[in-house]
Amino acid sequence: MVTKMLNKLFGKKGEADKNVDLFAPMTGKILPLEEVPDPVFSQRMMGDGFAIEPSEGVAVAPFDGTVMQLFPTKHAVGLKAENGAEVLIHIGLETVSMNGEGFEAMVSEGDKVKKGDSLVTFDIQLINEKASSIISPIIVTNGDDIEVLKMREVDQVKAESDVVMDIKVK
């Protein structure tokens, strides 16, 4: 009992958990990166991860963290989890050429977000018309800092409800 009290009083404070569950940032069908029709993603040039073919036009925070980057065209957002994992949510392929048309950001760089907070809304039909694909890569961009990256066996996911990947930092 005394040991528990002393550990509680003098234990390390503020040390973040090294594990984070990455929840689905969109509702839709999970695809392996190999099936993304863009070599930058399919060959893991930006990092490891997965893709979602979204069925709803909203991307949400997959964990509690901070918005590190919001592209001016609003087609991609970079987040940092409390454990240090960095994740890029890239909505569609070649959507940068849409210059923000069909996208609305709900956050700004530096914002703190909680799992499930809306990040960006997007028009799936417009993306299908104007970009090469609605398939949306979700990439862990700081792979050198990651000890374990484990995909869950999921096919269809609901945003904020289903865990897609377990991430443990070194």
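No aromatic pairs are present in the structure, the count being zero. The model under consideration is predicted. An aromatic ring does, however, take part in a contact with a charge: the charged end of K115 sits over the ring of F23, at 4.3 Å from the ring centre.

The sheet architecture was examined next. An open sheet is formed by eight strands, arranged in the order β9-β5-β6-β7-β11-β3-β2-β13, with antiparallel pairing. Its edges are provided by β9 (112-113) and β13 (156-157), each of which pairs on one side only. In general, the strands of a sheet pair through backbone hydrogen bonds, in either a parallel or an antiparallel sense.

Within this sheet, strand β6 (residues 76-81) is joined to strand β7 (residues 86-90) by five bridges, and the two run antiparallel. The register of this pairing is given by K80, which stands opposite E86 in β7, and by L79, whose bridge partner in β7 is V87. The hairpin of β6 and β7 has four residues between the strands, and G84 in this hairpin takes a positive phi near 100 degrees.

Strand β6 is also joined to strand β5 (residues 65-70), again in the antiparallel sense and through five bridges. Here T66 stands opposite K80 in β6. K80 is thus placed opposite T66 of β5 and opposite E86 of β7. In the hairpin of β5 and β6, five residues lie between the strands, and K74 adopts a positive phi near 65 degrees. With regard to solvent accessibility, β6 is mostly covered, five of its six residues being buried.

A further set of pairings involves strand β10 (residues 118-122). Strand β4 (residues 58-60) pairs with β10 in the antiparallel sense over three bridges, and V58 stands opposite T121 in β10. Strand β8 (residues 103-105) likewise pairs with β10 in the antiparallel sense over three bridges. In this second pairing, T121 of β10 is the bridge partner of E104. T121 therefore recurs in both pairings, facing V58 and E104, where a pairing of two strands is taken to require at least two bridges.

Positive phi values were also found at two glutamates in loops. E94 has a positive phi of about 60 degrees although it is not a glycine, and its place is in the loop between β7 and β8. The relative accessible area of E94 is 52%, and this residue is therefore classed as exposed, the threshold for that class being over 50%. E160 has a positive phi of about 70 degrees, and it too is not a glycine. This residue is located in the loop between β13 and β14 (163-169). With a relative accessible area of 34%, E160 is partly exposed.

Finally, the pockets were considered. The largest pocket has a volume of about 160 Å³. Twelve residues line this pocket, and those closest to its centre are N19, V20, F63, D64 and E82. Classified by type, the lining of the largest pocket comprises five nonpolar, two polar and five charged residues.

Note on methods. Residues are numbered from 1 along each chain as its sequence is written. This is a predicted model: local features need pLDDT of at least 70, side-chain atom pairs count only at pLDDT 80 or more; totals for chains, interfaces and linings use all residues. Side-chain values use heavy atoms; hydrogens and water are left out. On a 1 Å grid over the protein atoms alone, a cavity is a set of points where a 1.4 Å probe fits but cannot get out, and a pocket is an open set with protein on both sides within 12 Å along at least five of seven lines; lining residues have an atom within 4 Å of a point. Grid points are joined across faces, edges and corners, and a volume is the space filled by probe spheres set on the points. Ala, Val, Leu, Ile, Met, Phe, Trp, Tyr, Cys and Pro count as nonpolar, Asp, Glu, Lys and Arg as charged, and the others, Gly among them, as polar. Rings of Phe, Tyr and Trp (its six-membered ring) pair if their centres lie within 6.5 Å; planes under 30 degrees apart count as stacked, over 60 as edge-to-face and the rest as tilted. A charge sits over a ring if NZ of Lys or CZ of Arg is within 6 Å of the ring centre and within 35 degrees of the ring normal. Buried means under 20% relative accessible area, exposed over 50%, partly exposed in between (1.4 Å probe, protein chains only).
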